[in-house]
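These are my notes on a two-part reading: confidence and architecture, then selected residues. I record what I looked up and what I found.

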Amino acid sequence: MTGTVSRMEPDGRTAVNLRRGVLQYCILAILRDGDWYGHILARHLNELGLLDSEGTLYPLLARLRRTGLVETTWRESTSGPPRRYYKVTDTGHVELSEFAAEWKQLGTVVNGILNGDRR
Amino acid sequence: MKSSINDSRARRYLDELDADLLDLPVRDRREIVESVVEHISIAMSSGHPVEEVLQKLGDPLTVSEEAHSRNASGWRRKSSIFYEIAVTTLLLVGGLLLGVGWIVGLVMLWASKSRTLLNKIACTLIWPGGLLGAWLFLGIPVRSEGHFYFGADAYSVHPAPPTSVWTLLFITAAYAIPLLVQLTFLARSLRGARTSAAGGRH
(Lines give C-alpha, C1' and ligand atoms only; values in the text may rest on other atoms or scores of the structure.)
Protein backbone atom coordinates (compact mmCIF):
# COMPACT_ATOMS: atom_id res chain seq x y z
CA MET A 1 0.00 0.00 0.00
CA THR A 2 2.84 2.34 0.94
CA GLY A 3 4.49 1.54 -2.38
CA THR A 4 1.34 2.52 -4.25
CA VAL A 5 1.12 5.85 -2.45
CA SER A 6 4.78 6.69 -3.06
CA ARG A 7 4.42 5.77 -6.76
CA MET A 8 1.27 7.82 -7.09
CA GLU A 9 2.62 10.96 -5.51
CA PRO A 10 4.97 12.10 -8.31
CA ASP A 11 2.10 11.75 -10.78
CA GLY A 12 -0.11 13.91 -8.58
CA ARG A 13 2.61 16.55 -8.36
CA THR A 14 3.10 16.53 -12.11
CA ALA A 15 -0.58 17.21 -12.66
CA VAL A 16 -0.55 19.97 -10.04
CA ASN A 17 2.55 21.59 -11.53
CA LEU A 18 1.16 21.34 -15.05
CA ARG A 19 -2.10 22.97 -14.01
CA ARG A 20 -0.25 25.60 -12.03
CA GLY A 21 1.99 26.45 -14.96
CA VAL A 22 -0.84 26.99 -17.41
CA LEU A 23 -3.37 28.51 -15.02
CA GLN A 24 -2.41 32.15 -15.55
CA TYR A 25 -2.66 31.75 -19.34
CA CYS A 26 -6.04 30.06 -19.01
CA ILE A 27 -7.16 33.04 -16.94
CA LEU A 28 -5.87 35.46 -19.58
CA ALA A 29 -7.66 33.45 -22.28
CA ILE A 30 -10.95 33.47 -20.34
CA LEU A 31 -10.66 37.22 -19.72
CA ARG A 32 -9.84 37.83 -23.39
CA ASP A 33 -13.47 37.09 -24.24
CA GLY A 34 -14.94 39.42 -21.61
CA ASP A 35 -14.41 40.94 -18.15
CA TRP A 36 -15.01 38.68 -15.15
CA TYR A 37 -15.11 39.27 -11.42
CA GLY A 38 -13.16 37.11 -8.99
CA HIS A 39 -15.91 35.00 -7.46
CA ILE A 40 -17.38 33.82 -10.75
CA LEU A 41 -13.93 33.27 -12.27
CA ALA A 42 -12.92 31.16 -9.24
CA ARG A 43 -16.07 29.04 -9.55
CA HIS A 44 -15.53 28.55 -13.27
CA LEU A 45 -11.89 27.47 -12.87
CA ASN A 46 -12.89 25.18 -10.01
CA GLU A 47 -15.53 23.51 -12.17
CA LEU A 48 -12.97 23.06 -14.95
CA GLY A 49 -10.71 21.28 -12.43
CA LEU A 50 -7.98 23.91 -12.79
CA LEU A 51 -8.27 25.31 -9.27
CA ASP A 52 -8.56 23.17 -6.11
CA SER A 53 -8.78 26.02 -3.59
CA GLU A 54 -10.69 29.00 -4.92
CA GLY A 55 -8.79 31.33 -2.58
CA THR A 56 -5.50 30.65 -4.36
CA LEU A 57 -6.85 32.54 -7.37
CA TYR A 58 -6.45 35.89 -5.61
CA PRO A 59 -2.67 35.93 -5.08
CA LEU A 60 -2.38 34.98 -8.75
CA LEU A 61 -4.76 37.73 -9.89
CA ALA A 62 -2.86 40.21 -7.70
CA ARG A 63 0.38 39.20 -9.40
CA LEU A 64 -1.17 39.44 -12.89
CA ARG A 65 -2.34 42.94 -12.04
CA ARG A 66 1.01 43.92 -10.56
CA THR A 67 2.87 42.74 -13.65
CA GLY A 68 0.50 44.65 -15.88
CA LEU A 69 -1.15 41.67 -17.59
CA VAL A 70 -4.63 42.49 -16.27
CA GLU A 71 -6.29 45.62 -14.93
CA THR A 72 -9.25 46.05 -12.62
CA THR A 73 -12.35 48.22 -12.50
CA TRP A 74 -15.04 48.45 -9.85
CA ARG A 75 -18.65 48.09 -10.90
CA GLU A 76 -21.82 48.31 -8.87
CA SER A 77 -24.06 45.27 -8.75
CA THR A 78 -27.84 45.15 -8.51
CA SER A 79 -27.56 42.09 -6.25
CA GLY A 80 -24.88 42.31 -3.59
CA PRO A 81 -21.70 44.33 -3.06
CA PRO A 82 -19.68 46.15 -5.79
CA ARG A 83 -17.45 43.87 -7.83
CA ARG A 84 -13.87 44.16 -8.99
CA TYR A 85 -13.78 43.19 -12.67
CA TYR A 86 -10.61 41.91 -14.30
CA LYS A 87 -9.69 42.77 -17.87
CA VAL A 88 -6.69 41.76 -20.02
CA THR A 89 -4.33 44.62 -20.91
CA ASP A 90 -2.48 44.97 -24.23
CA THR A 91 0.61 43.45 -22.58
CA GLY A 92 -1.57 40.57 -21.41
CA HIS A 93 -2.80 39.97 -24.97
CA VAL A 94 0.78 39.85 -26.26
CA GLU A 95 1.81 37.44 -23.48
CA LEU A 96 -1.16 35.22 -24.21
CA SER A 97 -0.40 35.11 -27.97
CA GLU A 98 3.19 34.11 -27.24
CA PHE A 99 2.07 31.38 -24.87
CA ALA A 100 -0.54 30.10 -27.36
CA ALA A 101 2.13 29.77 -30.08
CA GLU A 102 4.53 28.05 -27.66
CA TRP A 103 1.80 25.72 -26.39
CA LYS A 104 0.81 24.73 -29.90
CA GLN A 105 4.35 23.83 -30.82
CA LEU A 106 5.08 22.05 -27.53
CA GLY A 107 1.74 20.22 -27.67
CA THR A 108 2.50 18.90 -31.15
CA VAL A 109 5.93 17.66 -30.09
CA VAL A 110 4.73 16.06 -26.84
CA ASN A 111 1.71 14.44 -28.49
CA GLY A 112 3.97 13.10 -31.23
CA ILE A 113 6.29 11.53 -28.69
CA LEU A 114 3.44 10.14 -26.59
CA ASN A 115 1.85 8.61 -29.69
CA GLY A 116 5.13 6.91 -30.61
CA ASP A 117 5.85 9.12 -33.61
CA ARG A 118 9.66 8.79 -33.96
CA ARG A 119 10.18 11.24 -36.85
CA MET B 1 -13.73 46.43 4.02
CA LYS B 2 -13.35 43.43 6.31
CA SER B 3 -15.99 45.06 8.51
CA SER B 4 -18.61 44.30 5.85
CA ILE B 5 -18.43 40.62 6.90
CA ASN B 6 -20.52 39.86 9.97
CA ASP B 7 -20.16 36.11 10.25
CA SER B 8 -17.67 35.20 12.99
CA ARG B 9 -16.28 32.15 11.11
CA ALA B 10 -15.63 34.24 8.02
CA ARG B 11 -13.99 36.96 10.12
CA ARG B 12 -11.79 34.38 11.81
CA TYR B 13 -10.80 33.03 8.38
CA LEU B 14 -9.92 36.54 7.19
CA ASP B 15 -7.94 37.32 10.36
CA GLU B 16 -5.99 34.12 9.90
CA LEU B 17 -5.32 34.90 6.25
CA ASP B 18 -4.28 38.45 7.10
CA ALA B 19 -1.83 37.16 9.74
CA ASP B 20 -0.38 34.57 7.35
CA LEU B 21 0.25 37.32 4.78
CA LEU B 22 1.73 39.76 7.26
CA ASP B 23 5.22 39.71 5.79
CA LEU B 24 4.04 40.64 2.31
CA PRO B 25 4.12 44.31 1.29
CA VAL B 26 1.06 46.05 2.78
CA ARG B 27 -0.33 46.87 -0.68
CA ASP B 28 -0.24 43.22 -1.83
CA ARG B 29 -1.66 41.92 1.43
CA ARG B 30 -4.55 44.37 1.28
CA GLU B 31 -5.31 43.51 -2.32
CA ILE B 32 -5.47 39.76 -1.63
CA VAL B 33 -7.48 40.08 1.59
CA GLU B 34 -9.92 42.56 0.06
CA SER B 35 -10.44 40.26 -2.93
CA VAL B 36 -11.23 37.38 -0.58
CA VAL B 37 -13.60 39.62 1.42
CA GLU B 38 -15.38 40.46 -1.83
CA HIS B 39 -15.50 36.77 -2.76
CA ILE B 40 -17.09 35.85 0.58
CA SER B 41 -19.56 38.78 0.45
CA ILE B 42 -20.74 37.89 -3.06
CA ALA B 43 -20.98 34.16 -2.33
CA MET B 44 -22.95 34.74 0.88
CA SER B 45 -25.24 37.31 -0.72
CA SER B 46 -25.96 34.67 -3.39
CA GLY B 47 -27.24 32.36 -0.64
CA HIS B 48 -24.26 30.03 -0.25
CA PRO B 49 -23.71 28.86 3.34
CA VAL B 50 -20.56 30.24 4.93
CA GLU B 51 -19.12 26.75 5.63
CA GLU B 52 -19.31 25.88 1.94
CA VAL B 53 -17.79 29.21 0.88
CA LEU B 54 -14.83 28.87 3.28
CA GLN B 55 -14.32 25.23 2.41
CA LYS B 56 -14.12 26.04 -1.30
CA LEU B 57 -11.76 28.93 -0.66
CA GLY B 58 -9.35 26.48 0.98
CA ASP B 59 -7.14 26.76 4.02
CA PRO B 60 -5.83 30.32 4.61
CA LEU B 61 -2.37 28.79 4.75
CA THR B 62 -2.78 27.33 1.25
CA VAL B 63 -3.76 30.78 -0.05
CA SER B 64 -0.83 32.31 1.82
CA GLU B 65 1.59 29.71 0.43
CA GLU B 66 0.38 30.53 -3.07
CA ALA B 67 0.96 34.23 -2.38
CA HIS B 68 4.47 33.55 -1.12
CA SER B 69 5.38 31.17 -3.92
CA ARG B 70 4.21 33.76 -6.41
CA ASN B 71 6.65 36.14 -4.77
CA ALA B 72 9.98 34.86 -3.54
CA SER B 73 8.99 31.82 -1.41
CA GLY B 74 9.97 30.96 2.16
CA TRP B 75 13.32 32.71 2.37
CA ARG B 76 11.68 36.06 2.33
CA ARG B 77 9.23 35.06 5.06
CA LYS B 78 12.00 33.82 7.32
CA SER B 79 14.19 36.87 6.73
CA SER B 80 11.20 39.11 7.33
CA ILE B 81 10.65 37.61 10.79
CA PHE B 82 14.30 38.16 11.72
CA TYR B 83 13.97 41.70 10.42
CA GLU B 84 10.97 42.41 12.64
CA ILE B 85 12.68 40.86 15.68
CA ALA B 86 15.70 43.11 15.01
CA VAL B 87 13.46 46.19 14.72
CA THR B 88 11.75 45.35 18.02
CA THR B 89 15.04 44.72 19.84
CA LEU B 90 16.68 47.88 18.52
CA LEU B 91 13.68 50.05 19.41
CA LEU B 92 13.48 48.62 22.91
CA VAL B 93 17.12 48.46 23.97
CA GLY B 94 18.98 50.17 21.12
CA GLY B 95 18.69 53.49 22.97
CA LEU B 96 21.15 52.21 25.56
CA LEU B 97 23.88 52.08 22.87
CA LEU B 98 24.27 55.88 22.91
CA GLY B 99 20.99 56.05 21.02
CA VAL B 100 22.56 54.75 17.79
CA GLY B 101 20.79 51.38 17.94
CA TRP B 102 17.44 53.10 18.39
CA ILE B 103 18.07 55.30 15.34
CA VAL B 104 19.01 52.22 13.26
CA GLY B 105 15.81 50.53 14.53
CA LEU B 106 13.81 53.60 13.51
CA VAL B 107 15.29 53.61 9.99
CA MET B 108 14.56 49.87 9.65
CA LEU B 109 11.02 50.42 10.97
CA TRP B 110 10.27 53.03 8.31
CA ALA B 111 11.93 50.93 5.60
CA SER B 112 9.67 47.96 6.34
CA LYS B 113 7.20 47.21 3.56
CA SER B 114 4.98 45.00 5.73
CA ARG B 115 3.83 47.75 8.08
CA THR B 116 1.07 50.25 7.66
CA LEU B 117 1.72 53.97 8.07
CA LEU B 118 -0.23 53.95 11.34
CA ASN B 119 1.89 51.11 12.70
CA LYS B 120 5.09 53.00 11.81
CA ILE B 121 3.88 56.18 13.50
CA ALA B 122 2.82 54.27 16.63
CA CYS B 123 6.10 52.35 16.87
CA THR B 124 8.14 55.53 16.39
CA LEU B 125 6.77 56.57 19.78
CA ILE B 126 8.72 53.78 21.48
CA TRP B 127 11.19 56.01 23.24
CA PRO B 128 14.92 55.31 23.19
CA GLY B 129 15.69 52.84 25.94
CA GLY B 130 12.06 52.13 26.60
CA LEU B 131 10.17 53.17 29.72
CA LEU B 132 13.31 52.74 31.81
CA GLY B 133 15.09 55.14 29.47
CA ALA B 134 12.33 57.70 29.83
CA TRP B 135 12.44 57.45 33.63
CA LEU B 136 16.23 57.61 33.74
CA PHE B 137 16.06 60.70 31.55
CA LEU B 138 13.65 62.39 33.91
CA GLY B 139 15.14 60.90 37.06
CA ILE B 140 13.86 58.15 39.38
CA PRO B 141 10.41 59.06 40.67
CA VAL B 142 10.09 59.46 44.43
CA ARG B 143 6.63 59.37 45.92
CA SER B 144 5.71 61.95 48.53
CA GLU B 145 2.30 63.01 49.86
CA GLY B 146 0.40 61.72 46.88
CA HIS B 147 2.79 63.27 44.34
CA PHE B 148 5.77 61.90 42.45
CA TYR B 149 9.04 63.79 42.48
CA PHE B 150 11.59 62.78 39.90
CA GLY B 151 15.09 62.07 41.30
CA ALA B 152 16.81 65.31 40.42
CA ASP B 153 14.00 67.38 41.88
CA ALA B 154 13.72 65.39 45.12
CA TYR B 155 17.25 66.32 46.18
CA SER B 156 17.34 69.89 44.94
CA VAL B 157 17.54 72.73 47.46
CA HIS B 158 14.55 74.51 45.99
CA PRO B 159 11.73 72.02 45.72
CA ALA B 160 10.41 71.74 42.18
CA PRO B 161 6.69 71.50 41.50
CA PRO B 162 5.52 67.94 42.08
CA THR B 163 4.78 65.69 39.14
CA SER B 164 1.25 64.48 39.45
CA VAL B 165 0.18 60.84 39.31
CA TRP B 166 -1.58 61.71 36.07
CA THR B 167 1.64 62.85 34.41
CA LEU B 168 3.29 59.62 35.44
CA LEU B 169 0.35 57.61 34.16
CA PHE B 170 0.47 59.58 30.91
CA ILE B 171 4.17 58.80 30.46
CA THR B 172 3.53 55.11 31.10
CA ALA B 173 0.52 55.00 28.74
CA ALA B 174 2.38 56.94 26.05
CA TYR B 175 5.00 54.24 26.21
CA ALA B 176 2.73 51.22 26.70
CA ILE B 177 0.50 51.87 23.68
CA PRO B 178 3.21 51.88 20.98
CA LEU B 179 4.92 48.98 22.75
CA LEU B 180 1.69 47.01 22.62
CA VAL B 181 1.29 47.81 18.90
CA GLN B 182 4.85 46.65 18.22
CA LEU B 183 4.59 43.45 20.26
CA THR B 184 1.22 42.56 18.73
CA PHE B 185 2.66 43.02 15.25
CA LEU B 186 5.64 40.82 16.13
CA ALA B 187 3.43 38.15 17.70
CA ARG B 188 1.27 38.01 14.56
CA SER B 189 4.37 37.76 12.35
CA LEU B 190 5.73 34.91 14.45
CA ARG B 191 2.38 33.16 14.40
CA GLY B 192 2.29 33.33 10.61
CA ALA B 193 5.83 31.95 10.39
CA ARG B 194 5.07 29.16 12.88
CA THR B 195 1.96 27.93 11.09
CA SER B 196 3.85 28.13 7.81
CA ALA B 197 6.83 26.17 9.17
CA ALA B 198 4.53 23.54 10.66
CA GLY B 199 2.75 23.23 7.34
CA GLY B 200 -0.31 23.13 9.58
CA ARG B 201 -3.14 22.43 7.22
CA HIS B 202 -6.50 21.90 8.88
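How many helices and strands does the secondary structure of chain B come to? I counted 10 helices and 2 strands in chain B. I then read the order of the elements from the N terminus, which is α-α-α-α-α-α-α-α-β-β-α-α. Thus the two strands of chain B are preceded by eight helices and followed by two further helices.

**Entry: confidence.** I noted at the outset that this is a predicted model. For the complex, the predictor gives an ipTM of 0.83 and a pTM of 0.66. I looked up each chain next. Chain A averages a pLDDT of 87, and 88% of its residues score at least 70. Chain B averages a pLDDT of 74, with 66% of its residues scoring at least 70.

I then went through the elements. In chain A, the lowest mean pLDDT, 75, belongs to helix α1 (residues 2-32), while strand β3 (residues 83-88) has the highest, 95. In chain B, helix α9 (residues 151-154) has the lowest mean, 50, and α3(B) the highest, 95.

I also checked the stretches where pLDDT stays under 50. One covers residues 1-9 of chain A, for which the model has 0 contacts beyond four places in sequence. Another covers residues 154-158 of chain B, where I found 2 such contacts. I shall read both stretches with reserve.

**Entry: chain B as a whole.** Chain B has 202 residues, of which 45% count as buried. I looked at contacts in chain B with a separation of 6 or more: residues 24 or more positions apart account for 62% of them. The chain exposes about 10800 Å², and carbon and sulfur atoms supply 68% of that area.

**Entry: helix α3 of chain B.** Which residues of helix α3 (residues 50-57) of chain B are buried? I found V50(B), V53(B), L54(B) and L57(B). They lie on the same side of α3(B), because they cover an arc of only 90° around the axis. I then asked what covers the buried residues of α3(B). The cover includes α3 (57-66) of chain A, together with α1 (8-20), α2 (26-45) and α4 (60-69) of chain B. Elements of both chains therefore appear in my list for this helix. Just after α3(B), G58(B) takes a positive phi of about 95°.

**Entry: helix α2 of chain A.** In helix α2 (residues 38-47) of chain A, I listed G38(A), H39(A), L41(A), A42(A), R43(A) and L45(A) as buried. G49(A) follows α2(A) and has a positive phi, near 80°.

**Entry: T88(B).** I located T88(B) in helix α5 (residues 73-93) of chain B. Is T88(B) buried or exposed? Its relative accessibility is 5%, so T88(B) counts as buried, the cut-off being under 20%. Setting aside neighbours within four places in sequence, I found T88(B) in contact with Q182(B), L183(B) and L186(B).

**Entry: a surface patch on chain A.** I looked up a nonpolar surface patch of about 420 Å², made by W103(A), L106(A), V110(A) and L114(A). I examined V110(A) individually and placed it in helix α4 (residues 90-114) of chain A. V110(A) has a relative accessible area of 37%, so I recorded this residue as partly exposed.

Terms used: Residues numbered from 1 in each chain as written. Chains lettered and ligands numbered in written order. Predicted model: local features only at pLDDT ≥ 70, side-chain atom pairs only at ≥ 80, totals over all residues. Heavy atoms only, no water. pLDDT = per-residue confidence, 0-100. Helix = DSSP H or I, 4+ residues; strand = E, 2+ residues; numbered from the N terminus. Contact = heavy atoms within 4.5 Å. Buried < 20%, exposed > 50% of the residue type's maximum accessible area, 1.4 Å probe, protein only. Patch = residues over 30% accessible without salt bridge, like charges linked within 9 Å, V, L, I, M, F, W, Y side chains within 5 Å. Areas by Shrake-Rupley, 256 points an atom, 1.4 Å probe, with all protein chains shown as cover. Salt bridge = Lys/Arg side-chain N within 4 Å of Asp/Glu carboxyl O. Arc of directions from axis to C-beta.
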